[in-house]
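Student: I should like to learn how to read the features of a protein model. May we work through one together?

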Amino acid sequence: MSEHKGNVRIITLGCAKNEVDSEEIAGVLRQAGHSVDGSQSADVTIINTCGFLESAKHESIAAIKKAVAEKGGGKVIVAGCLAQRMGAELARLAPGADGYVGVGQMGNFHQVVQSVFGRTEPLIDVEPPHHKWADVTTRARTGRPWSAYLKVSEGCDHRCTFCTIPSFRGNHASKPIERVLEEARQLARTGCKEINLIAQDVTQYGYDLYKEFTLPKLLHQLAEVDGIEWIRILYFYPNRLTDEVIEAIATQPKVCNYIDIPLQHAHPETLRRMKRPWDGDRYLKLFEKVRASIPDVAIRTTFIVGFPGETQSEFNHLIDFVQAAKLDRVGAFQFSREPGTPSHDMPGQVPSRTKKERYDRLMRAQTPISLAKNKALVGQTISVLVDEVKDGWMAGRSYRDAPEIDGWVYAQGNVLSGSFAKVTITEAQEHDLVGHLSGFTPAQNPRMIPLQMVTREPR
Ligand code: SF4
């Protein structure tokens with residue numbers, strides 16, 4: 001039978017890790033001779049779903065139903081976390097797709113596409129979580145060529161009681177260091193200047209392969225890659241932000257002085273119920289140490305409010321912690337009761353209204369802190385990677401700003417996107433900064449890769 005090589009569209013839902021998976025699927029398919037151009041008339045539509053929270057599940061199911069309704073004579077394949085999490089149940093809840101495949105299939109997508117042609121029943125292949133990143137380093141990039149996510153591992157060895165991820169992504173599995181370095185070199189060759197290392201817990205990197213926490217070594221070796229100017233690390237686990245990691249950040253100029261460390265809470269009892277390490281006092285000591293070694297560090301965290309059993313006094317303790325820690329950026333989620341997690345059945349579920357009130361109070365407590373941190377930058381000249389230029393204004397990010405999550409630095413001036421600009425800050429808001437352009441290093445012909453290859457749904 002002849003091979004099917006078609007025109008493929010990929011719709012990505014969820015987080016940056018899914019974005020990388022979609023780019024890997026697109027890379028695999030392009031290598032096998034398919035065209036991946038994102039057009040509506042594609043004969044194969046792949047939906048890379050998110051299954052992290054109930055709200056994401058509903059969004060993914062809606063996207064599947066829409067694609068099935070529009071598929072005509074084409075094929076629809078559902079991939080990713082929700083397919084892995086729900087398997088055959090997803091085929092019942094959102095029927096009509098031609099395939100439902102789990103997270104271990106990224107490298108096999110050519111075969112997956114072959115198998116959905118010529119069969120009448122949908123393909124359901126959601127083996128127990130196993131991780132195999134696509135073993136090709138030719139990701140079909142989406143997004144801005146000068147900034148990329150680089151996934152260093154899959155899965156997670158922790159078992160936080162609110163989290164669904166280990167149940168469908170399995171235990172932590174690192175990419176070999178040579179593989180990560182090769183991917184970084186490839187990204188650099190296509191004009192990438194900022195690499196954002198991602199993993200569920202990047203501090204665990206390498207342990208499964210090398211029996212030691214290998215993040216510091218990885219950072220030192222990545223810093224040698226020509227063309228990469230910024231290396232940003234996303235998602236530290238609190239008790240593994242070791243002296244070696246801090247030292248690597250402090251001493252390698254290319255590693256951004258930026259720490260994204262989800263703490264989830266600060267009260268010892270809430271953290272114990274969450275099965276999370278340490279407590280607010282130890283976190284404060286850790287930040288003291290980090291700030292002593294990296295004086296201009298920007299620290300971001302996220303908290304969960306309304307976790308089961310969170311008393312008013314536990315929540316007040318969290319507010320006190322926020323005021324004491326004076327972190328640069330704080331995000332928060334209202335606890336989501338996820339089926340299959342231990343916290344789903346814990347006593348003391350907090351009413352929605354209380355969760356909302358606590359969320360608002362937490363964000364209000366952080367506002368003046370974030371504003372003061374930004375105001376302290378007024379008068380300073382900082383390096384900014386320009387992401388957009390419009391109507392004579394540029395918008396970019398400093399080392400303090402991760403893509404898609406933190407603020408912007410605005411300045412007037414016509415600078416090529418992908419350039420590094422020097423901006424002297426004149427005005428500060430809670431999230432964003434405004435300044436004037438005091439110089440720039442022009443972009444060195446970043447290879448403009450078609451951006452529409454993989455469709456990203458707005459969050
Ligand atoms: S460390 Fe993160 S991914 Fe791992 S179980 Fe906890 S919340 Fe989930």
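**Reading the strands, domains and ligand shell**

Tutor: Let us begin with a single pair of residues: T301 stands opposite V330 in β14. Please bear in mind throughout that this is a predicted model.

Student: Which strand pairs with β14, and over how many bridges?

Tutor: Strand β13, residues 298-305, pairs with β14 in the parallel sense, and the pairing extends over six bridges.

Student: What is the order of the strands in this sheet?

Tutor: The order is β12-β13-β14, an open sheet of three strands with parallel pairing. The edges are held by β12 (258-260) and β14 (329-334); each has a single partner strand, so one side of each lacks a neighbour in the sheet. On average, neighbouring strands here are turned by 15° against each other, direction ignored.

Student: What does the closed barrel look like, in terms of strand order?

Tutor: Five strands form the closed barrel, in the order β15-β16-β17-β19-β18, and their pairing is mixed. Its neighbouring strands are turned by 50° against each other on average, again ignoring direction.

Student: How many bridges join the strands β15 and β16?

Tutor: Five bridges join β15 to β16 (residues 393-397), and the two run antiparallel. Within this pair, V389 stands opposite M394 in β16. Strand β15, residues 381-390, is also joined by five bridges to β18, residues 420-428, in an antiparallel arrangement. There, S383 has K422 of β18 as its bridge partner.

Student: What joins β18 to β19?

Tutor: A hairpin of four residues makes the connection. The two strands run antiparallel and are joined by eight bridges, with β19 covering residues 433-441. One pair to locate on the model is F420, which stands opposite T441 in β19.

Student: Where do the domains of the chain begin and end?

Tutor: Domain 1 spans 7-128, domain 2 spans 147-375 and domain 3 spans 381-441. The centres of domain 1 and domain 3, taken over C-alpha atoms, are separated by 37 Å.

Student: How does one judge a single residue? Is I261 buried or exposed?

Tutor: One counts the C-beta atoms around the residue; 20 or more within 10 Å make it buried. I261 has 22 C-beta neighbours inside 10 Å, and therefore counts as buried. The residue lies in the loop between β12 and α11 (268-274).

Student: Which residues does I261 contact, once its neighbours within four places in sequence are left aside?

Tutor: The contacts of I261 are F236, P238, L241, I299 and T301. The last of these is the residue that stands opposite V330 in β14. As for F236, it is 25 residues from I261 in sequence, yet their C-alpha atoms are 4.7 Å apart in space.

Student: Is R159 buried or exposed?

Tutor: The limit for exposed is 12 or fewer such neighbours. R159 has 12 C-beta neighbours inside 10 Å, so R159 counts as exposed. Its place is in the loop between β8 (153-154) and α6 (165-169). Not counting residues up to four places away in sequence, R159 touches P166 and K275. R159 and P342 are 183 residues apart along the chain, with 9.5 Å between their C-alpha atoms.

Student: Which residues surround the ligand?

Tutor: The surrounding residues are C156, H158, R159, C160, C163, I165, P166, Q200, D201 and Y237. Sorted by class, this shell has six nonpolar, two polar and two charged residues. The exposed R159 is thus placed among the residues around the ligand, together with its contact P166.

Methods: Residues are numbered from 1 along each chain as its sequence is written. This is a predicted model: local features need pLDDT of at least 70, side-chain atom pairs count only at pLDDT 80 or more; totals for chains, interfaces and linings use all residues. Two strands pair if DSSP finds at least two bridges between them. Axes are lines fitted to C-alpha atoms, for helices over the stretch in contact, and angles run from 0 to 180 degrees between N-to-C directions. Domain bounds come from an automatic or database domain assignment. A residue is near a molecule or strand if its C-beta atom, placed from the backbone, lies within 6 Å of it. Ala, Val, Leu, Ile, Met, Phe, Trp, Tyr, Cys and Pro count as nonpolar, Asp, Glu, Lys and Arg as charged, and the others, Gly among them, as polar. Two residues are in contact if their C-beta atoms, placed from the backbone, lie within 7 Å.
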